[in-house]
Amino acid sequence: MAKLSCDFRFLLIPAAIVFFYIQMRLFTTQSEYADRLAEAMDAEHHCTSQMRLLIDQISMQQEQIVALEEGKRRKEQECAQLKALVQDLEKKGLQRITDKTLAPVAAVVIMACNRADYLERTIASVLKYQSSVASKYPLFVSQDGSDPNVRSKALSYNQLTYMQHLDYDPVHTERPGEIIAYYKIARHYKWALDELFYKHNFDRVIILEDDMEIAPEFFDYFEAASALLEKDKSIMAVSSWNDNGQKQFVHDPYALYRSDFFPGLGWMLTRSIWNELSPKWPKFTYWDDWLRLKENRKGRQFLRPEVCRTYNFGEHGSSMGQFFQKYLEPIKMNDVKVNWKSQDLSYLMEDKYKKYFADIVKEAKPVPATDAVLKVSNIKGDVRIQYKDQSDFERIARQFGVFEEWKDGIPRTAYKGVVVFRYQPPRRVFLVGPDSLQQLGIENS
């Protein structure tokens, strides 16, 4: 019995050890759990803090969005008010300018953008001669864009109507390196001419640019030409410009010509022509070169003077002064008073002009193209020089110093391939194409 009691006591020792071990493990597990619980609580607190920070940021962004939307709404209201103001000024200005007559000869629009100093000079030149005939020639300034100096300058005159073209569409050029400004100019022309022909209902429009001055009888010239423009549908437009109008190449202020090459730079067209051009007007190209394409000209011609009725002083602009010193600066603007009302211009009608021009060319003395300048200098009277092709023409033109450029197979100023200019005035020089004499009916001359 005593032996059994001793064995039982010996069993209690391992049991105590096991119990102690279990308690230690439980304590360790509880400690680890407490640590993990503390970490979880810290993580929860951090997450809560981050969430509150994110909520604060979202709230601030929402406030900014609301503020931006409010700003946008105010800007839209301001734009609408400005547009209404411009339309009101335009309506009042047009009513004021045209209330003295029922049938203006033509609206005159000065195309402007961002050259306030140039615009001021152009307006001053136009008003100098337009004021006495304002009812016949209502004056507009059409601004492309929102240059504040140009807008302020235009609105400072009560003798004209201000129009504004706002175009925010991006421009994609057809070829690398092209000047974006020319594309924007094409869009501006389309908008302005649509406004004048369709909104204001004019029959004719004269287009000037913001770097041009006009001759004293500029308006008399266009009034006389407008009658031809209405009668002869083979005349597409009337221009006040001669590309070869430099001082050394002109002489007769009364002389007018037909040309297959669109001159531009102060020109007039009718609503019937614009009805044809407007739907297909180019959005992404040089509008003046587009107008010179045979597919658009359709065999029609343009009237131009020998002596320019406009002068282009724009050395700085979208063309970056291209050709200015050689071709534009030396231009002779007419300073002789011509009574256009007394002039018989019927010779410019299609059914008469071909014979009229052919007779002049026929009387000119033929001169070989070799050393043409020297030979011409030794001959009295008009001369004609035949060129073989474009490169031959360019070579001869270069000798005299006149424009060498062609567009769509037509030399500048040419009629039936013939380019005429004065050399050592009053002598006329006719550069005659390979088939020009045949076109004029004088192939055997």
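Modeller: Two strands pair if DSSP finds at least two bridges between them, the strands being DSSP runs of E (at least two residues) and the helices runs of H or I (at least four), numbered from the N terminus. What follows describes a predicted model, in which local features need pLDDT of at least 70 and side-chain atom pairs count only at pLDDT 80 or more, whereas totals for chains, interfaces and linings use all residues. Residues are numbered from 1 along each chain as its sequence is written, and side-chain values use heavy atoms, with hydrogens and water left out.

Biologist: What makes β6 and β9 a pair, and in which sense do they run?

Modeller: Strand β6 (residues 235-239) and strand β9 (residues 301-305) share three bridges in the parallel sense, so the requirement for pairing is met. Within this pair, I235 faces Q301 of β9.

Biologist: Which strands form the open sheet that holds them, and which are its edge strands?

Modeller: Eight strands form the open sheet, in the order β3-β2-β1-β4-β8-β6-β9-β7, with mixed pairing. The edge strands are β3 (161-165) and β7 (256-259), each of which pairs on one side only. Averaged over neighbouring strands, and with direction ignored, the turn of one against the other is 25°.

Biologist: How do you know that the pairing around β4 is mixed?

Modeller: With β1 there are five bridges and the two strands run parallel, V109 standing opposite I207 in β4. With β8 there are four bridges and the run is antiparallel, and here I207 stands opposite W267 in β8.

Biologist: What makes β4 count as mostly covered?

Modeller: Five of the six residues of β4 are buried, a word that stands for a relative accessible area under 20%, with exposed meaning over 50% and partly exposed in between (1.4 Å probe, protein chains only). By this criterion, 46% of the 445 residues of the protein count as buried.

Biologist: Which helices lie across the eight-stranded sheet, and at what angles do they run?

Modeller: Here contact means heavy atoms within 4.5 Å, and angles run from 0 to 180 degrees between N-to-C directions of axes fitted to C-alpha atoms, for helices over the stretch in contact. Helix α4 (residues 180-199) lies across β1 (107-112), β2 (139-144), β3, β4 (204-209) and β8 (267-270), and it runs at about 135° to β3. Helix α5 (residues 218-231) lies across β1, β4, β6, β7, β8 and β9, with an angle of about 175° to β6.

Biologist: Why is the arrangement of α2 and α3 given the name that it has?

Modeller: The axes of helix α2 (residues 116-130) and helix α3 (residues 148-155) come within 9 Å and cross at roughly 20°. That makes α2 roughly parallel to α3, because angles under 35 degrees count as roughly parallel (over 145 as roughly antiparallel, 65 to 115 as roughly perpendicular, the rest as oblique). In their contact, A116, L119 and E120 of α2 meet N149, V150, K153 and A154 of α3.

Biologist: What makes β11 and β15 edge strands of their sheet?

Modeller: Their sheet is open, with four strands in the order β11-β12-β16-β15 and mixed pairing. β11 (365-366) and β15 (419-422) each have a single partner strand, so one side of each is left without a neighbour in the sheet. β15 pairs with strand β16 (residues 428-432) in the antiparallel sense over four bridges, and R422 stands opposite R428 in β16. Helix α10 (residues 350-363) packs on this sheet, touching β11, β12 (383-386) and β16, and its direction makes about 100° with that of β16. Helix α12 (residues 390-400) lies across β12, β15 and β16, at about 140° to β12.

Biologist: Which peptide bond in the loop between β15 and β16 is cis?

Modeller: The cis bond joins P425 and P426, with omega of about 10°, and P426 has its place in that loop.

Biologist: Why do D371 and K416 fall into the class of accessible area that they do?

Modeller: D371, in the loop between β11 and α11 (372-377), has a relative accessible area of 49% and is therefore partly exposed. K416, in the loop between β14 (410-411) and β15, has 22% and is likewise partly exposed. Both residues also have a positive phi without being glycine, about 50° for D371 and near 55° for K416.
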